[in-house]
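Colleague: I am new to this structure and should like to learn how to read its features. Might we begin with the contacts between charged side chains?

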Amino acid sequence: MEEITYDKIYREHTLLKIFGIASLTILILAGVACTAPFAYVTNMGDYNLRGYYYDTNYNGTLPTPNVAVIDTATNNVTARVPLGDGWPVGVAVSPAGTKVYVVDSPMDVSNVYVIDTATNMVSAKVNIGSSYPSEITVNPAGTRIYVTKQHDYTDISVINTATNTLMAPIIVGPSTYNVAFTPDGKKIYAVNSRNNTIYVIDAATNKVTANVSVGDSPYEVLVTPDGKKVYVSNYNSSTVSVIDTATDNVTATVPVGDSPHRVAATSDGNKVYVANNNTVSVIDTATDTVIATVPVGTFSREIVISPDGSKVYLGNFYNKSVTVINTKTNTVTARVPVGEWPMGIAVTPDGKKVYVANADSDNVSVIDTTTNNVTATVNAGIYPTGVVIVPFMDSNMTAQSTGATSNTTEGIGVEEPNLSSPEEKKAVKFSGSNNNSFESDNGNSPSENDSSKDNSTPGFSLLGGLICLYGMWKFRKK
């Protein structure tokens, strides 16, 4: 009979501890690695009394502005973050994915809400004064937030994310809608549609260092992934201005389709896609010439490109559809029917799903990118207008999250109506025909939800291997 010594007992006890710690670590890592990202959807709520049609669903309470959180693994609404009385007009994600920032249009003043993605609660609210925000953007380092403004406001609000306090504003021209950063975060390009100018801003000092004249009514600005060029869509000129970031001079003016507004670049920076009124112009960035013109639906509210650069997704505002373009052939491969007034569009980091906020249908369509079919319709809330994806906690995803911004209440023309003013509320017609509930009744089939439960398999396989090794060791000792 084998003599049991103190050393042997100690060794077995130590091995058990190591095994336990290793198992727990694998379970934690498996849980983190297999956790799906979340879609954050801004809902404007019921500010035009549509809620009176929904008394049975809402217990007589009119829905207020909020952010719905959708688990992309199950397509269920897992949380709802209430906002104040203003209406959310822009949303952005911090590069690390730990914060979601929402700016509202004022009842009295505008605020930026800071949502902690770990708790899905508002951790701070920053008052930016009585203004009409256009867009909210986070810099690549995640240290500053920039809020551009419409109408006659001549400043960009800057917020320190460490303290959630206002810094000195950047003084620009009126109606500066859109900003974009160079990848190193050192320069900011801000588009001003009133004076046909791009402001070049030193991000370290927040001072304007140059004014670049572009076409008539510039709408959106885009910096290429390598940081060498800036592309500006000129709405009333039907052109795109190209700026060299080394000299801040216009090096080319590219004729495109009618009323260009949205622009997006492939991840390799080789192509820029410009959403016009009824077409998409494809610009080769090596030659700054249009190499293809793709017919699409009427007026796209958003244009996004899949992470691998293989597909373009374009929401057709008046056609209740999303157009899918193959970037290799620059041809339309699908037109996916969605809800009324698709406004916000976002692609998951793995490129497998597209989330579309359908404002006038009060829901979000989920598109399977393999089949180009809508696999789920999520009742996210009343009048959803923007959507961003909080990605995996992975360094490869931070660049994508930095650019995750959304403008949610832009008008059809260049001068964007703000839904806060009484005359503009009357000009916007909303439909009240959909009796959607705030509950997570998303229409998923059981098979969809069941398939999503297999995400933890890799972690348990590793754990099983450890168990087998431990069993073999015990058998040998016996």
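Modeller: Lys229 forms a salt bridge with Asp288, with the closest N and O atoms 3.0 Å apart. A salt bridge here is a side-chain nitrogen of Lys or Arg within 4 Å of a carboxyl oxygen of Asp or Glu. The pair links distant parts of the chain, 59 residues apart: Lys229 is in strand E18 (residues 229-234), and Asp288 is in the loop between E23 and E24. Strands (E, at least two residues) are DSSP runs, numbered from the N terminus.

Colleague: On what footing do these values stand?

Modeller: This is a predicted model, in which local features need pLDDT of at least 70, side-chain atom pairs count only at pLDDT 80 or more, and totals for chains, interfaces and linings use all residues. Residues are numbered from 1 along each chain as its sequence is written, and side-chain values use heavy atoms, with hydrogens and water left out.

Colleague: Is Asp288 buried or exposed?

Modeller: Buried means under 20% relative accessible area, exposed over 50%, and partly exposed in between (1.4 Å probe, protein chains only). Asp288 has 12% relative accessibility and counts as buried, whereas Lys229, with 22%, is partly exposed.

Colleague: How many salt bridges does a search of the whole structure find?

Modeller: The search finds six. One of them joins the side chains of Asp248 and Lys187 (3.0 Å, N to O). Asp248 is in the loop between strand E19 (239-244) and strand E20 (249-255), and Lys187 is in strand E14, 61 residues apart. Asp248 is buried at 15% relative accessibility, while Lys187 is partly exposed at 22%.

Colleague: What parts does the pair of Arg194 and Asp152 tie together?

Modeller: Their side chains meet in a salt bridge (2.9 Å, N to O). Arg194 lies in the loop between strands E14 (187-192) and E15 (197-202), and Asp152 in the loop between strands E9 (144-149) and E10 (155-160), so the pair ties together parts 42 residues apart in sequence. Arg194 is partly exposed, at 41% relative accessible area, and Asp152 is exposed, at 57%.

Colleague: How should one read a sheet?

Modeller: Strands of a sheet pair through backbone hydrogen bonds, either parallel or antiparallel. Two strands pair if DSSP finds at least two bridges between them. Here, an open sheet of four strands has the order E21-E22-E23-E24, with antiparallel pairing. Its edge strands, E21 (262-265) and E24 (289-295), each pair on one side only.

Colleague: Which residue in E23 is the bridge partner of Tyr273?

Modeller: The partner is Val282. Five bridges join the antiparallel strands E22 (residues 271-275) and E23 (residues 279-284).
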